[in-house]
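Me: I am new to this structure and should be grateful for a close look at a single part of it. Please explain where that part sits and what surrounds it.

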Amino acid sequence: MSEEFTTETGDWADGTWSEEADWDLAEFDGDEDGGAPGAPMPTLAIVGRPNVGKSTLVNRIIGRREAVVEDVPGVTRDRVSYEANWSGRSFMVQDTGGWEPDAKGLQQSVARQAALAMESADAIVVVVDAVVGATATDEAVAKILRRSKTPVVLVANKVDDQRMEAEAASLWNLGLGEPYPVSAIHGRGTGDLLDKILEVLPETPRERLGSVGGPRRVALVGKPNVGKSSLLNKLSGDERSVVHNVAGTTVDPVDTVVDLGGRPWRFVDTAGLRRKVAHASGAEFYASLRTKSAIEAAEVAILLIDASQPISEQDLRVLSMVADAGRALVIAFNKWDLVDEDRRHQLEREIDRDLQRVPWAQRVNISAQTGRAVQRLVPAMDTALESWDKRISTGRLNNWLKEVVAATPPPMRGGRLPRILFATQAGTRPPTFVLFTTGFLEAGYRRFLERRLREEFNFDGSPVRISVRVREKRDRRNKK
């Protein structure tokens with residue numbers, strides 16, 4: 001009879017390991033909580049002309065600093081959604097770029113995002129600078145909103161004290177009802193405003209996603225101007241993110257749900273990371289922090305690399321952030337339509353040299369501009385997420401491990417051969433394994449075990465973590 005691992009006793013039949021009591025295995029029984037998103041919530045859009053304090057008001061409503069704020073007009077460029085809660089009710093708050101009716105170029109794209117937000121929101125807050133008063137742009141916004149069937153709340157911002165309330169009252173002439181005087185930066189009047197918002201905001205959104213467990217979370221990451229926003233727009237079939245030939249157009253992470261392969265996916269289009277965060281300042285610095293948070297909040301990351309250019313230090317830095325966060329990974333080589341035969345051979349050498357840390361990552365060659373092969377991203381993400389969620393039973397894992405160790409024992413240390421006594425999968429997301437041994441295992445041997453583990457159990461697209469617990473020596477003569 002062949003020797004098998006017995007899960008009831010924790011023994012191999014040949015007696016290789018027989019002291020389960022040496023370790024407390026209970027700490028390795030549970031998995032990480034995946035944190036699936038809950039039911040869809042109604043959406044509140046915050047609109048207005050540039051630099052009236054929309055992002056500051058968003059931060060005040062959600063109770064934390066999420067939206068990027070800087071004393072420069074036009075920092076927010078995309079529609080960005082955040083979850084808020086007031087008086088026990090949850091809703092989504094959508095920050096938008098400044099609305100300019102005569103905008104050109106990049107600002108024209110920003111204005112289109114604001115208009116789309118007004119069309120899709122369940123309620124709208126229009127923000128006006130009470131210090132400046134109603135401008136021609138504010139009147140143009142009010143004219144459109146008066147025709148809208150969506151409930152509208154008018155906010156007179158920058159009312160820092162009672163003396164400014166008279167200025168706020170003059171905004172009645174916009175025809176949007178009573179102006180609510182607030183100071184977003186100081187919090188004055190925001191409680192009354194939130195009470196009013198809950199009055200006009202419906203209990204449920206216009207449309208329900210209807211997905212069980214919520215959509216999987218995907219972060220689009222890469223250096224500036226690599227095509228992240230273009231890819232998101234191509235996947236969604238909508239101009240969801242602002243695209244412009246100016247590098248760094250996206251500042252905030254842009255959150256959107258896209259239906260692919262018959263089910264929803266929640267994509268976050270992030271700001272392109274600079275070479276070093278220390279080189280960033282103001283909005284760019286906070287945007288880099290948002291990008292890191294987006295990676296940590298995602299389940300799988302799509303790293304876009306410009307295939308027509310050499311792999312850069314910025315690409316590798318983003319790659320390290322994803323790997324360190326332990327997220328499933330798909331590498332999309334974008335702009336493949338610009339790659340000739342010579343560049344392909346050069347790229348293969350760069351991949352072997354620069355991407356050796358993540359040989360397990362799924363790879364797809366695409367063109368976000370033309371739509372070439374973007375449909376291949378879904379099966380690549382499915383494979384990566386399946387690996388990321390995978391759990392191997394203790395019995396199966398140890399039977400496999402016994403065969404591998406018998407064929408290739410670990411190297412000697414200090415004249416002794418360390419023995420691997422037992423293995424267990426401590427968790428998923430990413431798959432994490434713990435080896436209990438009688439001695440330290442060399443890093444090279446751990447990499448060998450990881451390679452064999454991947455070959456046997458198909459952990460394609462997901463990082464695998466292996467840690468070693470060395471059994472402490474005990475004087476058995478003192479045992480009673």
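Reply: Helices and strands are here DSSP runs, of at least four and at least two residues respectively, numbered from the N terminus. The model is predicted. Its protein chain holds 12 helices and 17 strands, and 50% of its 480 residues count as buried.

The part chosen for the close look is strand E6, residues 123-129. Seven of its seven residues are buried, so the strand is largely enclosed by the rest of the structure; buried here means under 20% relative accessible area. In a regular strand the side chains alternate between the two faces of the sheet. In E6, both faces are covered: Ala123, Val125, Val127 and Asp129 are buried on one side, and Ile124, Val126 and Val128 on the other.

Strand E6 has a parallel partner in strand E3 (residues 43-47), to which four bridges join it. In this pairing Leu44 stands opposite Ala123. Another parallel partner is strand E7 (residues 152-157), joined to E6 by six bridges. There, Asp129 of E6 faces Asn157 of E7. With helix H3 (residues 136-147), strands E6 and E7 make a right-handed β-α-β unit.

A loop elsewhere in the chain also has a buried residue. Val358 lies in the loop between helix H9 (341-354) and strand E14 (362-365), and it counts as buried because its relative accessibility is 0%. Leaving aside neighbours within four places in sequence, Val358 is in contact with Leu319, Ala323, Leu329 and Ile331.

Technical notes. Residues numbered from 1 in each chain as written. Predicted model: local features only at pLDDT ≥ 70, side-chain atom pairs only at ≥ 80, totals over all residues. Heavy atoms only, no water. Buried < 20%, exposed > 50% of the residue type's maximum accessible area, 1.4 Å probe, protein only. Contact = heavy atoms within 4.5 Å. Pairing = 2+ DSSP bridges. Right-handed = clockwise from strand over helix to strand, strands pointing away.
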